[in-house]
Amino acid sequence: MAPWPSLRAQSNGVLAAAPAERLNIKRGSSAELKLKAQLQPGFHVNSNTPADEYLIPLKLTWTKEPLEAEQVTYPKPELEKYAFSANPVSVFSGNFEIVTRFKAPATAPPGLAIIAGKLRYQACNNKECLPPRTIDLRATVNIE
Amino acid sequence: MSKTISALAVCSAVCMALFYTACVNRPGTAKSSVKGKSAPEFALKDANGQTVHLADYKGKVVLLDFWATWCGPCKIEIPWFMDFEQQFKDRGFAVVGVSMDEDGWTAVKPYLVRMKVNYRILLGNDQVGTLYGGVDSLPTTFLIDRQGKIAFKEIGVSTGKEEFKDAIVHLLDAPRDVASAATGGPLAVLAGAK
């Protein structure tokens, strides 16, 4: 798996994630930020909508200031069959992107700012699982 | 300008390569062997709130399984362990499951009902995991002989149910005054190079 050359990954275990670029956003409008994630080969993480109630979903959250996260869009999950499950399991593997649409309040102060987020995940392979972990994320935004 | 961009690209690639290399060293595999060492004592609560010590099982062969409700591969072994509990409990054998669920009994109790688990489950914590050499991956299973020594440690789903069963029988059949750890036969097959 080729790494993204421009990805300054923040990692914690088998998953690395980082915003793809600086977010430029106008006050009173919305813009999208891509989060690139890279998972170690052989491992998967549960998707944001795992079928089994006991599985821990992937979840991306952002602090409420200085921007409002209007919507988080996860990629389409893969349905994989594993020996431990009678039904296919909804997972992400390899490289994937999560898109967040932010809205800048009309009253937001212009200039550079930092938004902070958390990506919680739980990874497994065919043989074992790792404990749930959280990656702390920081993205630079330019509010115009 | 182009030199700066090239330098940045190289720097980023090196950073990612270092990260990637670190990831390939899978967590939980770099532990020193615990085979033959005394199994650490612990005091953990069971589902009824009773404090359970490993010493309560003195003289028994114990299968100590670290697991969690969110661990899919753990589900493969649980029915095996239920069979072993049923089959060998009258021969001085016990399965003890240690749940590493952060949400505690709220998550664990309904799961035990759903899976119809017939052996004792305790609620674990990081301290106990550390005592046992760091439980970084689940399932992690220890087989403890009648003398309280660790006969093997298995990270991840084991080779197979029959190999597991053979190892248990090997320990149950061992003379009671002889430490069984680090012997060959089924234990060597099951534990491999661990």
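## One helix, one core and one sheet

In H5(B), the buried residues include B:Phe164, B:Ala167, B:Ile168, B:His170 and B:Leu171 (buried means that 20 or more other C-beta atoms, placed from the backbone, lie within 10 Å of a residue's own; exposed means 12 or fewer, and partly exposed is in between). They lie on the same side of H5(B), because they cover an arc of only 155° around the axis (the arc of the directions from the helix axis to the C-beta atoms). This is a predicted model, in which local features need pLDDT of at least 70, side-chain atom pairs count only at pLDDT 80 or more, and totals for chains, interfaces and linings use all residues. Residues are numbered from 1 along each chain as its sequence is written, while chains are lettered from A and ligands numbered from 1 in the order in which they are written.

**Helix H5 of chain B**
- B:Glu162 and B:Asp173 are exposed on the other side of H5(B).
- Helices (H or I, at least four residues) and strands (E, at least two) are DSSP runs, numbered from the N terminus.

**The nonpolar core**
- The largest nonpolar core has 77 residues (buried Ala, Val, Leu, Ile, Met, Phe, Trp, Tyr and Cys residues joined through C-beta atoms within 7 Å).
- Strand E3 (residues 61-67) of chain B gives the most to this core, with six residues.
- A:Leu15, B:Leu143, B:Ile144 and B:Ile168 have the most contacts inside the core (a contact means C-beta atoms, placed from the backbone, within 7 Å).

**The sheet in chain A**
- Four strands form an open, antiparallel sheet in the order E8-E9-E5-E12 (strands pair if DSSP finds at least two bridges between them).
- A:Val45 has A:Phe92 in E9(A) as its bridge partner.
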